[in-house]
Amino acid sequence: MKKTENPAVPGFASLGLDPRLVTALGALGYEEPTPIQSEAIPPLLAGRDLLAQAATGTGKTAAFALPMLHRLSQAEKGRKGVFGLVLVPTRELAMQVAEAIHRYGRELHVRVLAVYGGSSMSQQLRSLERGIDVVVATPGRLLDHIGRGSLSLAGLGLVVLDEADEMLDMGFHEDLEAILEVTPKGRPIALFSATLPARITGIAAKHLQDPVSIRLDGKSHGGPPSAVTGRVRQTAYVVSRAHKLAALSRILDIEDPTSAIVFCRTRTEVDQLTETLTARSHRAEALHGGFSQEQRDRVMKRFRAGATDILVATDVAARGLDIQQISHIVNYDVPNEPEAYVHRIGRTGRAGREGTAITLFEPREQWLLRNIERLTKQKIEMTSVPTVADLRARRLELTRASLREALLGTDLDSFRVVVESLSEEFDLIDIAAAGVKLAHQASGGTDDEPEIPKVLLQVDRPRPPAGPVRPAGVRRPKSPDAVTLFIGAGRQAGVRPADLFGAITGEASLPPGAIGAIEIADRFSLVEVPGEAADAVIQALKKATIRGHKVIVRREREGPRG
Ligand code: AMP
């Protein structure tokens with residue numbers, strides 16, 4: 001396999017970014033800016049305020065991180081204090097964004113700190129004292145630091161509100177307002193939000209100055225394309241990031257494609273996936289923008305000739321490829337805009353043939369799929385990764401099909417002798433079963449695959465119009481499999497919805513969207529979680545502290561509360 005030694009990323013260089021950032025992006029395997037990056041980076045480099053509608057998976061983190069880092073690198077030498085501030089709704093996102101900024105800013109030696117509730121205060125204080133350039137924080141904990149005087153906003157060069165709608169849904173509105181109030185006037189602010197309800201545009205109108213507006217809602221590029229037809233079966237598998245590679249391999253085992261293109265985002269991913277698939281006996285080859293024309297031609301020739309079943313490619317590399325008869329299109333990630341999905345899928349199901357489109361997604365990305373469904377006006381079946389039992393059943397089915405084919409053939413005479421001689425000693429069915437066993441084993445694939453953990457799909461629920469708090473007693477109808485948990489602390493103990501949200505998503509690793517209604521009463525709180533996750537959440541919360549206290553957590557009993 002060819003690895004790229006010296007990747008060039010002219011798309012990023014032409015946006016005017018520091019060459020050291022462009023180099024870092026090349027090393028990460030990025031080939032070109034995503035739409036949100038092309039649109040957001042220039043105004044942020046110019047110091048403008050920004051209001052951007054962009055969801056997770058669109059590349060929004062780099063869209064604000066790169067200009068932040070560029071401007072940090074240009075800031076004067078004697079600069080002190082925090083330059084970049086990113087506010088995020090959850091500790092997971094805080095860690096994820098801090099990690100991304102660290103990666104992009106590696107060559108600039110940028111000091112990044114994630115600041116969130118639940119982590120050690122003294123450690124955060126020590127890091128802040130030593131000097132930090134970028135802080136990624138959840139609003140509550142940031143306010144604690146501002147209140148203590150351990151974090152100064154005086155030197156801020158850019159403030160980012162990331163996933164602003166999630167922050168409001170989690171009850172952080174007041175905290176956000178308080179932070180923006182004490183932010184020195186005139187510092188650029190970028191607000192990123194998946195949706196733009198009135199509560200968000202209200203914050204924008206109050207705190208942003210003459211912002212550049214960007215909307216990436218899938219409607220900006222014309223009407224629904226005709227490429228997706230009813231002939232393409234569309235399935236999406238929910239999987240956690242850690243198990244994506246294993247899931248891809250399992251899905252390919254089950255689907256057994258004759259000619260598939262697996263799309264992924266970066267050159268690095270292309271190389272990694274190809275290596276793993278090859279190691280697992282798939283006939284896969286890589287294709288990305290780092291290949292010479294000659295290399296490309298060789299790869300394509302083998303693919304067209306059927307010597308390779310799977311082409312692992314970036315969008316850039318696959319551009320302009322005209323290949324007929326693709327049986328499967330696989331999206332290793334949800335494409336960052338619906339049009340890209342449609343464009344990719346359009347390569348299968350051509351000329352009246354059936355095609356299959358497969359997408360792997362993390363729970364957080366579910367709503368990108370909803371956007372695609374809206375654009376194509378077609379349903380994508382969302383399901384879990386096949387289990388080991390599914391895989392075994394499928395393999396047996398394939399063996400059965402091969403045997404059937406052999407039985408329909410005519411060249412069995414030379415094998416009959418073997419059966420006849422064995423039949424003097426053994427039962428005919430047993431002989432046949434032994435033959436099936438050998439054929440099954442010879443077809444490859446071991447049966448000792450580990451199970452891939454099942455991931456909970458986010459419960460589809462409309463966003464509550466004014467945050468998740470409702471007065472006790474006013475209950476939204478439960479979703480059928482939801483369970484209400486009783487938590488022995490409420491308003492009097494200072495509990496806010498955000499505390500419960502944070503504790504459940506953080507300690508029990510439940511995706512934010514899986515959490516249903518939250519009610520905070522004076523002396524207790526009630527939270528709806530999916531039934532299958534209830535026990536795990538109870539166990540996790542029992543070990544955690546909420547607002548500094550250990551609390552009682554149990555299923556809510558029927559009858560009067562209290
Ligand atoms: P985000 O929407 O920021 O959560 O990013 C989603 C994923 O896209 C992350 O895994 C990024 O590393 C990746 N990504 C962001 N920008 C690009 C790009 N220009 N090319 C390839 N991958 C990217």
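Leaving out neighbours within four places in sequence, Glu255 is in contact with Arg233, Tyr237, His328, Thr356, Ile358 and Arg394. I start with this residue, and I should say at once that the model is a predicted one. Glu255 belongs to helix H11, residues 244-255. Is Glu255 buried or exposed? The relative accessible area of Glu255 is 14%, and the cut-off for buried is under 20%, so Glu255 counts as buried. One residue on the contact list also makes a polar contact: the side chains of Glu255 and His328 are joined at 2.8 Å.

That leads to the parallel sheet. In general, strands of a sheet pair through backbone hydrogen bonds, and the pairing can be parallel or antiparallel. Here we have an open sheet of 7 strands with parallel pairing, and the order is E10-E11-E9-E12-E13-E8-E14. Strand E10, residues 284-287, and strand E14, residues 381-384, are at the edges; each has a single partner strand, so one side of each has no neighbour in the sheet. On average, and ignoring direction, neighbouring strands of this sheet are turned by 20° against each other.

Take the E14 end. Strand E8, residues 232-238, pairs with E14 in the parallel sense, over 4 bridges. Which residue in E14 is the bridge partner of Thr235? The partner is Glu381. Helix H16, residues 366-376, packs on the sheet and touches E8, E13 and E14. The direction of H16 makes about 155° with that of E14.

There is another helix to point out on this sheet. Helix H15, residues 338-345, lies across E8, strand E9 (260-263), strand E12 (328-331) and strand E13 (355-361). H15 runs at about 155° to E12.

Now the second sheet I want to show. This one is an open sheet of 4 strands, in the order E16-E17-E15-E18, and the pairing is antiparallel. At its edges are strand E16, residues 518-520, and strand E18, residues 553-555, and each of them pairs on one side only. The average turn between neighbouring strands is 25° in this sheet, again with direction ignored. E16 pairs with strand E17, residues 525-530, in the antiparallel sense, and that pairing has 3 bridges. Within it, Glu519 has Leu526 of E17 as its bridge partner.

Which strands does helix H20 lie across? H20, residues 497-507, lies across strand E15 (482-487), E16 and E17, and runs at about 135° to E16. Helix H21, residues 534-543, lies across E15, E17 and E18. The angle between H21 and E18 is about 160°.

Next, the ligand. There are 14 residues around the ligand, and those that come nearest are Tyr30, Gln37, Gly57, Gly59 and Thr61. Let me go through some of the distances. For Tyr30, a polar side-chain atom lies 2.6 Å from an oxygen atom of the ligand. For Gln37, an N or O atom in the side chain is 2.7 Å from a nitrogen atom of the ligand. For Gly57, the atom concerned is a polar backbone atom, 2.7 Å from an oxygen atom of the ligand. How much of the ligand does the protein bury? Taken alone, the ligand exposes 500 Å², and the protein buries 86% of that.

I will finish with some loop residues. Asp210 is in the loop between helix H10 (198-207) and strand E7 (212-215). Its phi is near 45°, which is a positive value in a residue other than glycine. Asp210 has 60% relative accessibility, and exposed means over 50%, so Asp210 counts as exposed.

Ser281 sits in the loop between helix H12 (267-279) and E10. Ser281 is not a glycine either, but has a positive phi of about 70°. At 64% relative accessibility, Ser281 counts as exposed.

Last is Glu107, in the loop between helix H5 (91-104) and strand E3 (112-115). With 41% relative accessibility, Glu107 counts as partly exposed. Which residues does Glu107 contact, once neighbours within four places in sequence are left aside? They are Arg20 and Thr23. Glu107 and Pro19 are 88 residues apart along the chain, and their C-alpha atoms are separated by 9.8 Å.

Technical notes
Residues numbered from 1 in each chain as written. Predicted model: local features only at pLDDT ≥ 70, side-chain atom pairs only at ≥ 80, totals over all residues. Heavy atoms only, no water. Pairing = 2+ DSSP bridges. Helix = DSSP H or I, 4+ residues; strand = E, 2+ residues; numbered from the N terminus. Axes fitted to C-alpha atoms, helices over the stretch in contact; angles between N-to-C directions. Contact = heavy atoms within 4.5 Å. Buried < 20%, exposed > 50% of the residue type's maximum accessible area, 1.4 Å probe, protein only. Near = heavy atom within 4 Å. Polar contact = N/O pair within 3.5 Å; in protein donor to acceptor, adjacent residues only side chain to side chain. Areas by Shrake-Rupley, 256 points an atom, 1.4 Å probe, with all protein chains shown as cover.
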